[in-house]
Amino acid sequence: MAHRDRKILIVEDEMIIAIDIQNTLRHLGYLQTSIASNGEAAMILVTKERPDLVLMDIGLGESIDGIDTAQQIRKQEPELPVLFLTSYSNRKIRERASGIPGSGYLLKPFTPDILGSAVTNALGE
């Protein structure tokens, strides 16, 4: 499957960051991207759009964080890979995130090359 056929959902509460990630992905050849700004919207888009990968910010600025949202998504779609994005590198967050099968962890800020490599690995390409 070509990059352009892959659907990627970006879950990020800061829209400028979400758009930057979306533009980077499009530059890398991933043309089918969508954005959710919170966990509830992410759940709706997972059901509606059936993405191949979710890029999930851990700190969504609401009562349900990205890790809790990812757990809900994995209950609904057990094979859907989730790549966590975060500005915080602390052990407790890494441990919570690593407890979700099929997930990875990417520390912000990241370069387009690092994002591209992480996405390629998460999609098994």
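What is the handedness of the crossing of helix 2 and helix 3? In this predicted model, the crossing of these two helices is right-handed, and the legends below take up that view together with several others.

**View 1. Packing of helix 2 against helix 3.** Helix 2, formed by residues 39-49, and helix 3, formed by residues 66-76, have axes 10 Å apart and pack at an angle of about 20°. Because angles under 35 degrees count as roughly parallel, helix 2 and helix 3 are described as roughly parallel to each other. On the side of helix 2, the contact is made by G39, A42, M43, V46 and T47, which meet T69, Q72, I73 and Q76 of helix 3. Sorted by class, the residues of this contact between helix 2 and helix 3 comprise four nonpolar and five polar ones, with no charged residue.

**View 2. The crossing of helix 1 and helix 5.** Helix 1 (residues 15-27) and helix 5 (residues 112-123) cross at roughly 75°, and their axes come within 10 Å. That angle makes helix 1 roughly perpendicular to helix 5. The residues that meet here are I21, T24 and L25 from helix 1 and P112, L115 and V119 from helix 5. The contact of helix 1 with helix 5 has five nonpolar residues and one polar residue, and no charged residues.

**View 3. The surroundings of Q22 in helix 1.** Q22 lies in helix 1, and with a relative accessibility of 11% this residue counts as buried, since the term applies under 20%. When neighbours within four places in sequence are left aside, Q22 is in contact with I10, T33, S34 and I35. One of these contacts, S34, is 12 residues from Q22 along the chain, and the C-alpha atoms of the two residues are separated by 7.7 Å.

**View 4. The five-stranded sheet.** The sheet is open and has five strands in the order 2-1-3-4-5, with parallel pairing. Strand 2 (32-36) and strand 5 (103-107) are the edge strands, each of them pairing on one side only. From one strand to the next, the twist averages 20°. Helix 5 lies across strand 1, strand 3, strand 4 (82-86) and strand 5, and runs at about 130° to strand 3.

**View 5. Strand 3 and its two neighbours in the sheet.** Strand 1 (residues 7-11) pairs with strand 3 (residues 53-57) in the parallel sense over four bridges, and strand 3 pairs with strand 4, also in the parallel sense, over four bridges. On the side of strand 1, I10 stands opposite L55 of strand 3, while V11 has M56 of strand 3 as its bridge partner. On the side of strand 4, L55 stands opposite L83; L55 is thus placed opposite I10 as well as opposite L83.

**View 6. Burial of the side chains of strand 3.** In a regular strand, side chains alternate between the two faces of the sheet. In strand 3, L53, L55 and D57 point one way, whereas V54 and M56 point the other way, and all of them are buried. Because five of the five residues of strand 3 are buried, this strand is largely enclosed by the rest of the structure.

Note on methods. Residues numbered from 1 in each chain as written. Predicted model: local features only at pLDDT ≥ 70, side-chain atom pairs only at ≥ 80, totals over all residues. Heavy atoms only, no water. Axes fitted to C-alpha atoms, helices over the stretch in contact; angles between N-to-C directions. Parallel < 35°, antiparallel > 145°, perpendicular 65-115°, else oblique. Contact = heavy atoms within 4.5 Å. Nonpolar A, V, L, I, M, F, W, Y, C, P; charged D, E, K, R; others polar. Buried < 20%, exposed > 50% of the residue type's maximum accessible area, 1.4 Å probe, protein only. Pairing = 2+ DSSP bridges. Left-handed = near helix turned anticlockwise from the far one by under 90°.
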